[in-house]
Amino acid sequence: MTTTAVTENGAARALDAALTLDGVTRTYGKGAPALDRVSLTVPRGRFLAVMGRSGSGKSTLLRCAAGLERPTTGTVRIGGTDLATLKATGLTRLRRDRIGFVFQSLNLVSALDVRENVTLPLLLAGARGGRALDALALAGLAAVGLADRAGDMPENLSGGQRQRVAIARALVNEPEVVFADEPTAALDPVTAAGVLALLRRAVDERGTTVVLVTHDPVAAAWTDEAVFLDGGRLVGRLDRPEETGVREMLGARAGDGHRRTASSPAVAR
């Protein structure tokens, strides 16, 4: 299996990559860079956790990788598309058509019911409403166990149910990459496990690439690989991470460049 590449010289190479960052730096003003020459490659069908302490650069990496911000230097590619070659309208189209988003804040539209929230990305892409679109929404909701709540408003759902709607919406257009930013941070452990299981299933059954930004070792244990940021730099990785190994890595001396590999997965794949 092709694995995420984190290399000493900053070069990142993989075949059939869903996402590639090559020497990405992001600086705000005259301060220290929020990202410092980050290079990694995420193959298609990979579940990757991006981890680090608060202020390590996790969210900045996600924003640059998803085309929400342009890096100061370096290259970001979704598939074979160099994001630097796209103007604002092209970036908007790429995010709409080829990327899915799941955020802690959910960003569901309160004025729309559950079915309408799920179909919103398709409508924005020019799809016509009708039975076919409704059937697609219901199939997506059935996959997350909420087909019977299609007509409800978001305010009538629990936090975990709203997060499942957000996942159905993120997957409805069959994106190349789903970016999930702390999607379980506000959920209880049981509900969080259900959300992570849905993301795991999207990888295993659909071949979706998922990039999960999290500080939670339990969440990371659902993934295929975890990479660790400190001070805006990649400082290590774990293959098939386990909760204990992730906790050890997070507690290790920042910037030591030490890489460890867990011997077995924490969850059934």
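**Aromatic cluster and adjoining pocket views**

Ring pairs join Phe101, Phe103 and Phe179 into a cluster. The structure shown is a predicted model.

**View 1. The aromatic pairs of the structure.** A search of the whole structure yields 2 aromatic pairs. In one of them, the ring centres of Phe101 and Phe103 lie 5.5 Å apart with their planes at 25°; planes under 30 degrees apart count as stacked, so this pair is stacked. Both Phe101 and Phe103 are buried.

**View 2. The pair formed by Phe101 and Phe179.** These two rings are also stacked, at 6.3 Å centre to centre and with 25° between the planes. The pair links distant parts of the chain, since Phe101 belongs to strand E6 (residues 99–103) and Phe179 to strand E7 (residues 177–181), 78 residues apart. Phe179 has a relative accessible area of 0%; buried means under 20%, and Phe179 is therefore classed as buried.

**View 3. The second largest pocket.** This pocket holds about 320 Å³ of space. Its lining comprises 13 residues, and those nearest the pocket centre are Arg95, Ile99, Phe101, Pro121 and Arg169. Phe101 thus appears both in the aromatic cluster and in this lining.

**View 4. Composition of the lining of the second largest pocket.** At least two lining residues are supplied by each of helix H2 (88–98), strand E6, helix H3 (114–124) and helix H5 (159–171). Strand E6 provides the largest share, 4 residues. Sorted by class, the lining contains 7 nonpolar, 3 polar and 3 charged residues.

Notes: Residues numbered from 1 in each chain as written. Predicted model: local features only at pLDDT ≥ 70, side-chain atom pairs only at ≥ 80, totals over all residues. Heavy atoms only, no water. Phe/Tyr/Trp six-rings, centres within 6.5 Å; stacked < 30°, edge-to-face > 60°. Buried < 20%, exposed > 50% of the residue type's maximum accessible area, 1.4 Å probe, protein only. 1 Å grid on protein atoms, 1.4 Å probe; cavity = no way out; pocket = protein on both sides within 12 Å on 5 of 7 lines; lining within 4 Å. Points joined across faces, edges and corners; volume = space filled by probe spheres on them. Nonpolar A, V, L, I, M, F, W, Y, C, P; charged D, E, K, R; others polar.
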